[in-house]
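User: Please take a close look at one part of this structure. I would like the helix packing, and then what lies around it.

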Amino acid sequence: MIHLDRAERRRQDEEHWQLIDSLAHSMKTPLASIRGYAETLQIAMPDGQGKTDEYLGNIMRLTGSLNRTINDLFFLSRLDRAGFPDPLEATDIRQITEDVIDSRRESAAKSDVKLQLTVVDVLPRVFANKPALHEVIYNLIDNAIKYSPHGGEVHVSLDLAESSVLLSVHDSGIGIPADEQPRIFERFFRASAARAGDYQGAGLGLSKVHSVVKQLGGSVRLESAVAVGSTFIVELPSA
Ligand code: ADP
């Protein structure tokens with residue numbers, strides 16, 4: 001009976017992802033054309049045509065954001081159905097964290113957010129791969145910067161806990177209400193504070209973090225208080 005339930009759930013999941021894949025595919029081509037037309041118009045257009053240049057820029061920005069949502073759906077679908085495309089191996093989480101921080105420095109500086117990293121002296125590698133870890137660390141740090149006010153601070157730390165590595169991303173941002181925290185890793189879920197403010201997003205980043213961490217045999221949890229800040233703590237088995 002349990003076997004049947006599991007098989008049935010698997011079949012439903014497969015149908016669900018097939019539907020999402022088809023939808024994503026059917027949106028990708030027209031979206032690329034819309035972006036192509038906007039780009040061509042922007043290049044062809046002589047300077048100084050009132051609001052047209054600004055509107056074409058907006059079309060390109062919005063198609064870019066829709067395209068990222070579609071790619072996120074492909075990513076989640078592939079991960080759920082086939083696991084990671086790259087093999088798992090002992091991976092240097094410190095190096096990847098430093099790379100992500102370097103790549104987000106400019107964005108943090110623009111928002112006047114201080115970005116800090118603390119790493120324990122001897123840190124083991126984790127059993128993962130570079131793209132998977134990058135996905136997790138990038139999404140958490142990107143959110144921490146995005147949901148912090150000007151003058152805020154983001155503190156990333158890497159620690160050891162028995163046979164695991166702990167990655168913690170702490171911010172002094174808008175926080176997440178306690179009653180919304182249990183839903184935070186659901187696909188497309190966006191907390192009320194994020195929806196009320198001027199924060200762009202589709203609500204897929206944390207669901208990617210959760211799926212990747214789960215597939216790596218780890219866990220992710222959240223501690224947060226509204227208007228105080230949030231800390232996401234990822235625990236991954238060391239290699
Ligand atoms: P989004 O694209 O909306 O940022 P995510 O899946 O990354 O999607 O996050 C889901 C929701 O969780 C966000 O919409 C926001 O409400 C909340 N959230 C995530 N990270 C933070 C954070 N560091 N501080 C406050 N809220 C956050």
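Analyst: What follows starts with one helix pair, then moves to the ligand and to another helix. The model is predicted.

Start with α3 and α4. Helix α3 covers residues 93–110, and helix α4 covers residues 130–146. Their axes lie 9 Å apart, at an angle of about 35 degrees. The crossing of α3 past α4 is right-handed. On the α3 side, the contact uses I93, I96, T97, V100, I101, R104, S107 and A108. On the α4 side, K130, L133, H134, I137, Y138, I141, D142 and I145 take part. Sorted by class, this contact holds ten nonpolar, three polar and three charged residues. Why do such positions recur along a helix? An α-helix has 3.6 residues a turn, so residues three or four places apart point the same way.

Helix α4 also has a part in the ligand shell. Both α4 and α6 (205–215) supply at least two residues each to that shell. In total, 22 residues surround the ligand. The closest are Y147, A191, A194, G201 and G205. By class, the shell has eleven nonpolar, nine polar and two charged residues.

Now turn to α2, residues 52–82. This helix has 31 residues, so at 1.5 Å a residue it should span 45 Å. The C-alpha atoms at its ends are 44 Å apart, which agrees. Its buried residues are T63, D72 and L73. G83 comes just after α2 and takes a positive phi of about 75 degrees.

Key:
Residues numbered from 1 in each chain as written. Predicted model: local features only at pLDDT ≥ 70, side-chain atom pairs only at ≥ 80, totals over all residues. Axes fitted to C-alpha atoms, helices over the stretch in contact; angles between N-to-C directions. Helix = DSSP H or I, 4+ residues; strand = E, 2+ residues; numbered from the N terminus. Left-handed = near helix turned anticlockwise from the far one by under 90°. Contact = placed C-beta atoms within 7 Å. Nonpolar A, V, L, I, M, F, W, Y, C, P; charged D, E, K, R; others polar. Near = placed C-beta within 6 Å. Expected span 1.5 Å × (residues − 1). Buried ≥ 20, exposed ≤ 12 C-beta atoms within 10 Å, placed from the backbone.
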